[in-house]
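Work through the exercises below. Try each task before you read its solution.

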Amino acid sequence: MLDQLWQVIALVVVIAVIGVGLVVGLLRGRRGKAPSLPPTTRPSDQPGVGRPGVGSPDGGGVATKPGPPVTTSPAVEAPELPALAEPETPAYERPESARGRLARLRARLARSNSAIGKGLLALLSRGGLDEAAWEDVEDTLLTADLGVEATMELVESLKTKVKVEGTTDESVVRDWLREDLLRLVDPTMDRRVASSRVGDRPAVILVVGVNGTGKTTTVGKLARVLVAEDRDVVLGAADTFRAAAADQLATWGDRVGVPTIRSDREGADPAAVAFDAVKAAAEMEADVVLIDTAGRLHNKTNLMDELGKVKRVIEKRSPIDEVLLVLDATTGQNGLEQARVFADVVDVTGIVLTKLDGTAKGGIVVAVQRKLGVPVKLVGLGEGPDDLAPFDPAAFVDALLD
């Protein structure tokens with residue numbers, strides 16, 4: 001009897017435990033169940049839309065009957081960002097080639113030398129060439145700064161030809177005069193400007209001269225000539241005493257994309273600036289470096305000594321390939337003395353004659369070449385940026401006689 005009672009109790013406990021477990025489980029399930037959502041429908045499950053695959057007209061696997069059109073929400077496009085502006089490239093000037101420039105500017109040159117050309121031809125063609133007439137010829141040539149020695153040579157040559165040929169026909173006399181003038185100008189001289197790399201270094205050009213001859217302007221114009229010949233140029237602003245000289249040179253360089261090496265203070269050592277310019281040009285692998293120097297009076301010993309120092313300091317870094325002396329064509333015989341002193345200090349290799357337009361001093365070309373034994377390589381024929389021309393003896397003489 002007792003055993004049956006314990007069996008009943010055990011059964012009740014088991015049933016109770018099971019019941020409690022079911023209740024607890026039911027309560028927990030309701031508390032953690034997520035709210036129901038509408039079923040999602042894939043496009044492939046909608047009527048008339050097939051899944052991609054092989055065999056359907058659009059590449060789907062199973063073709064289905066067309067159903068109502070499916071409306072989809074328009075895609076939200078990202079706002080269009082503004083295009084980034086391209087960095088602006090400086091618009092550098094591209095000078096025209098200097099080849100033939102002397103001929104193009106022939107009219108200006110002809111105006112400047114009417115004393116030798118028209119004046120001399122008028123004297124020689126008028127007939128009756130007595131001693132007084134020949135003295136007038138000599139005076140005309142001397143006034144044009146041809147120089148005493150060259151004048152005597154030219155007059156003697158013309159006298160002989162007139163005596164032998166017995167004519168004063170203008171066209172004949174003009175041919176004689178052209179022949180003799182061309183010989184005096186000497187077309188055999190090498191007038192090339194050293195502007196190409198020498199081995200693994202740039203060519204070095206030192207530009208010198210007295211105050212007021214236009215050295216800085218000449219350097220700027222020469223940079224344009226070389227840029228037109230596809231040279232990579234560097235400028236050196238070694239004129240550290242004249243106010244704004246470095247700014248002036250940098251302006252010339254900026255116009256054609258040529259860098260300028262300069263000091264950050266006025267009154268700096270010009271030799272140091274010149275040295276830095278040559279060094280920078282070598283590092284940039286430039287073709288040529290042009291070094292502008294301060295104008296100085298040829299009769300000031302201390303200033304000329306300083307110029308000699310500039311030359312020596314540059315040569316510690318690189319040989320100097322060209323020393324161009326800038327002369328004002330209007331200074332005449334005084335310019336010849338300047339040339340002599342500069343040549344003694346820095347070994348001048350070429351002459352640049354500025355202000356050759358507007359003057360009747362064209363004979364200075366012959367005189368200065370004879371004085372120094374070096375050629376005129378460039379001539380300035382105006383104020384324009386491209387009015388510096390390589391000197392062409394034949395074009396020069398023809399302009400004299402126009």
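**Exercise 1.** Work out how α11 and α12 are oriented to each other.

Step 1. Find the helices: α11 covers residues 301-317, and α12 covers residues 333-346. Helices are DSSP runs of H or I with at least four residues, strands are runs of E with at least two, and both are numbered from the N terminus.

Step 2. Take the angle. α11 and α12 pack at about 40°, with axes 9 Å apart. Axes are lines fitted to C-alpha atoms, for helices over the stretch in contact, and angles run from 0 to 180 degrees between N-to-C directions.

Step 3. Classify. α11 and α12 are therefore oblique to each other. Angles under 35 degrees count as roughly parallel, over 145 as roughly antiparallel, 65 to 115 as roughly perpendicular, and the rest as oblique.

Step 4. List the contact (heavy atoms within 4.5 Å). Met304, Leu307, Gly308 and Lys311 in α11 meet Val341, Phe342, Val345 and Val346 in α12. By class, that contact has six nonpolar, one polar and one charged residues.
Ala, Val, Leu, Ile, Met, Phe, Trp, Tyr, Cys and Pro count as nonpolar, Asp, Glu, Lys and Arg as charged, and the others, Gly among them, as polar.

A note on the source: this is a predicted model, where local features need pLDDT of at least 70, side-chain atom pairs count only at pLDDT 80 or more, and totals for chains, interfaces and linings use all residues. Residues are numbered from 1 along each chain as its sequence is written, and side-chain values use heavy atoms, with hydrogens and water left out.

**Exercise 2.** Repeat the analysis for α7 and α14.

Step 1. α7 is residues 170-185 and α14 is residues 393-401. Their axes come within 10 Å and cross at roughly 140°.

Step 2. α7 and α14 are therefore oblique to each other.

Step 3. Residues of α7 in the contact include Arg174, Leu177 and Leu181. Among those they meet in α14 are Phe396, Val397 and Leu400. The contact of α7 with α14 has 10 nonpolar, no polar and three charged residues.

**Exercise 3.** Trace the open sheet and find its edge strands.

Step 1. Eight strands run in the order β3-β2-β4-β1-β5-β6-β7-β8, with mixed pairing. Two strands pair if DSSP finds at least two bridges between them.

Step 2. β3 (260-261) and β8 (388-390) are the edges, since each pairs on one side only.

Step 3. Look at one pair. β6 (350-354) and β7 (376-380) are parallel over three bridges. Val352 has Leu378 as its bridge partner in β7.

Step 4. Add a helix. α12 lies across β1 (203-209) and β5 (322-328), at about 160° to β5.
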